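Please look over the sequence and the model below. The text after them goes from one residue to a helix and then to the chain as a whole.

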Amino acid sequence: MSSLSASFVQIKFDDLQFFENCGGGSFGSVYRAQWKSQDKEVAVKKLLKIEKEAEILSMLSHRNIIQFYGAVLEPPNYCIVTEYAAGGSLYDYINSNRSEEMDMDHIMAWATDVAKGMHYLHMEAPIKVIHRDLKSRNVVITIDGVLKICDFGASRFHSHTTHMSLVGTFPWMAPEVIQSLPVSDTCDTYSYGVVLWEMLTREVPFKGLEGLQVAWLVVEKNERLTIPSSCPKSFAEMMRQCWEADAKKRPSFKQIISNLESMANDSKLPDQCNSFLHHKAEWRCEIEETLERLKKLERDLSFKEQELKERERRLKMWEQKLTEQSHTPLLPSFDICSWTEDDVYFWMKQLVKKGDASEEQSGYASVFKEHHITGKQLLLLRESDMKDMGIVSRGHIIYLKTAIEMLTHDYLTLFHFPPLTKNSEEENKGNEEKLVNLDLVFGYHLKPGTSSKDCKWKMYMEMDGDDIAIAYIKDVTFNTNCPDVEVLKMTKVELYKLLESWVDSATIRNGEMDCGH
């Protein structure tokens, strides 16, 4: 900003006589005052420090831009002094009984005033300025009924598309400004569409919704202000164009001014517009219905957020309870069946505690990894399997077997995580046995050979449910439907190995098998 140094009149603080507060602008309060030496009624904006607003205003001169007189630079009294608009803000006018006098000519004149002021800022001023906080509160009415844009506290000098901090007021802010994304001058076009909506409906935009709620609706849900169905099409189309999510598709103020001029030549528009303005009772319900829908949408979101927080809280309590009950070490993830060899290695390392007798077992993590033990295999390990892996100490085997059993118990318990809604009856029942019905389908793949000895076969199993189902199986019995063939019974570990490897065909006859359990 230092390169844009501007000279302006420095006014003495004692030369100002303050009267009532007449509003609050960006970063300061505004007062009606008397500039005594000039015998002039003025508006004075008090600031904590003078930054860019005085510099911007000192370079601007346009019928629809508030006139700048000078600034007070006496610490701690920093002020900007501008012309005083006796008609107050456009916002106050719209939301008063005076707005009932508005007609087509009124709206067209004021819509053009704002558009011309913004076109000047974007295209005709000594340096291009993006206002970023255009809203009805920052548009004032002079004694002769002319609209002037004021409050440049949030503005930026602009030479190219740039990234800007979050400023402005949410109902008037473009989606990209809300998200603090790079913006162009058409972010002011979006705000202009909201001001135009205010003049046509004489309503407060997104009334009853908080700023952050509006931000979420505009950005995440792509919601916009309701345009009543009976609104004249030319005005409705202009507002829709201004509110395009894609900033590049929004019209420039030069295009808006041109459109307004064309609309002024439409002989049918005055009757349509005036009829719309005078029958507010008929279409106001459309705006109210939308507001109720948006409030419900926001309430539903809040409820879901609370629901998720409650679920997260109860999950943490459940984890803590399981940890306290089983002293299970830190888990890579709760879905143990999906653990990789590295996950099992990590879990095994957690079993070894410094100063504990289990420290002697620190090498077993590597043993498990060398034998490519995954989470699914870990849950099925038997004592004989551990011996085959080289673990010979009876005490160590018992320790590992106990840890795996606890892990299995906790895994199955987590798959029956309590529902979100508390049920006191269920909580009082405590731990109880549950009957689980599983639909299992067995089949086999056959590799024919030159003789029966060369034949190989491999079983496969399909189940209706998650892989967790295999953890419930205790044993499996196979019948071949032949009286002279011995019934084959195997444990779940043997079954799992059978599912993973090709075996001799000695246990199959006539290509048929039945499964039990």
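In which helix is the place of E176? This is a predicted model, and in it E176 belongs to helix α4, which covers residues 175-178.

Is E176 buried or exposed? Its relative accessibility is 8%. Because a residue counts as buried under 20% relative accessible area, E176 falls in the buried group. Its surroundings can be listed as well. With the neighbours within four places in sequence left aside, E176 has contacts with L181, P182, V183, C187, A247 and R250.

A second helix, α9, runs over residues 269-278. Which residues of α9 are buried? They are L269, C273, F276 and L277. These residues lie on the same side of α9, because the arc they cover around the axis is only 100°. The other side of α9 has D271 and H278, which are exposed. Helix α9 thus has buried residues such as L269 and F276, while exposed D271 and H278 are found on the other side.

The remaining points concern the whole chain. How many helices and strands does the chain have? Its secondary structure consists of 17 helices and 17 strands. The chain has 517 residues, and 44% of them count as buried. E176 counts as buried too, at 8% relative accessibility.

Contacts can also be sorted by distance along the sequence. Taking those between residues at least 6 apart in sequence, 63% join residues at least 24 apart. As for the surface, the chain exposes about 28100 Å², and 49% of that area is supplied by carbon and sulfur atoms.

Key:
Residues are numbered from 1 along each chain as its sequence is written. This is a predicted model: local features need pLDDT of at least 70, side-chain atom pairs count only at pLDDT 80 or more; totals for chains, interfaces and linings use all residues. Side-chain values use heavy atoms; hydrogens and water are left out. Helices (H or I, at least four residues) and strands (E, at least two) are DSSP runs, numbered from the N terminus. Buried means under 20% relative accessible area, exposed over 50%, partly exposed in between (1.4 Å probe, protein chains only). Contact means heavy atoms within 4.5 Å. Accessible areas come from the Shrake-Rupley method with a 1.4 Å probe; for residues, only the protein chains shown count as cover. The arc is that of the directions from the helix axis to the C-beta atoms.
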